[in-house]
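Biologist: I would like to learn how to read the way two helices pack against each other. Could you take me through one case slowly, beginning with the residues that touch?

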Amino acid sequence: MIKQILCSMVVCLLLIAGCTKEIPEQTAQEQIQRLNKSGIVLSENAVELLTLFLNKYPVLIQTCLEADITSDGQNELIVIHSSQEEKNKMSLCVLKQDNAGLFRSNVLPAPVENQKITTRDIDGKPPLEFIIMGSKGIYSGFAIYRMLDGVLINIFDDGMDDCC
Ligand SMILES: [Ca+2]
């Protein structure tokens, strides 16, 4: 009898511990729905990448763009996100499918507000470069990146220190 009581107490404690575990404010599905509502259309591939990413990292996606920035015929997903805790600190990274499932590039600072991602062929040869721009209050900035061997390389930036 005592053993049974002890057992149920342990189960209760485990349940309580499970419930107090921090729950992300928005699930992957909710975030994808939010992006869709804001006009960002995601392919099946992008939804899969984002779901893998969000299940691994508890972040809030601000915006994203699908584009082949590695010239391998497959789209990567360029993502700007904040952390769930620090909503005013933005990060940029690129997600891609690899043999292990999800590949995430190096993570770089991104503008705090009004983030926009566009692709542009800067030098007339592959791979395609991309530009992120945004602001923080009265300050605005932009940066041009290229992805080489899975690493994001800053080609040029202006005003980023004031808006990241
Ligand atoms: Ca690619």
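Modeller: Please keep in mind that this is a predicted model. On one side of the contact, helix α2 contributes Ala28, Gln31 and Ile32, and these meet Val47, Leu50, Thr51, Leu54 and Asn55 of helix α3. Sorted by character, the residues of this contact of α2 with α3 comprise 5 nonpolar, 3 polar and no charged.

Biologist: Which two quantities describe a pair of packed helices?

Modeller: In general, such a pair is described by the angle between the two axes together with the distance between them. In this structure, the axes of α2 (residues 28-37) and α3 (residues 44-56) come within 9 Å of each other and cross at roughly 135°. Because an angle over 145 degrees would be needed to count as roughly antiparallel, α2 and α3 are described as oblique to each other. The crossing of α2 and α3 is, in addition, right-handed.

Biologist: Does α2 lie largely in the open or is it buried, and why?

Modeller: Helix α2 has 10 residues and the number of them that are buried is 0, so the helix lies largely in the open. For the protein, buried residues make up 22% of its 164 residues.

Biologist: What follows α2 along the chain?

Modeller: After α2 comes glycine 39, which has a positive phi, near 100°.

Biologist: How many helices and strands are there in the protein?

Modeller: The protein has 4 helices and 9 strands, and, read along the sequence, they follow the pattern α-α-α-β-β-β-β-β-β-β-β-β-α.

Technical notes
Residues numbered from 1 in each chain as written. Predicted model: local features only at pLDDT ≥ 70, side-chain atom pairs only at ≥ 80, totals over all residues. Buried ≥ 20, exposed ≤ 12 C-beta atoms within 10 Å, placed from the backbone. Helix = DSSP H or I, 4+ residues; strand = E, 2+ residues; numbered from the N terminus. Axes fitted to C-alpha atoms, helices over the stretch in contact; angles between N-to-C directions. Parallel < 35°, antiparallel > 145°, perpendicular 65-115°, else oblique. Left-handed = near helix turned anticlockwise from the far one by under 90°. Contact = placed C-beta atoms within 7 Å. Nonpolar A, V, L, I, M, F, W, Y, C, P; charged D, E, K, R; others polar.
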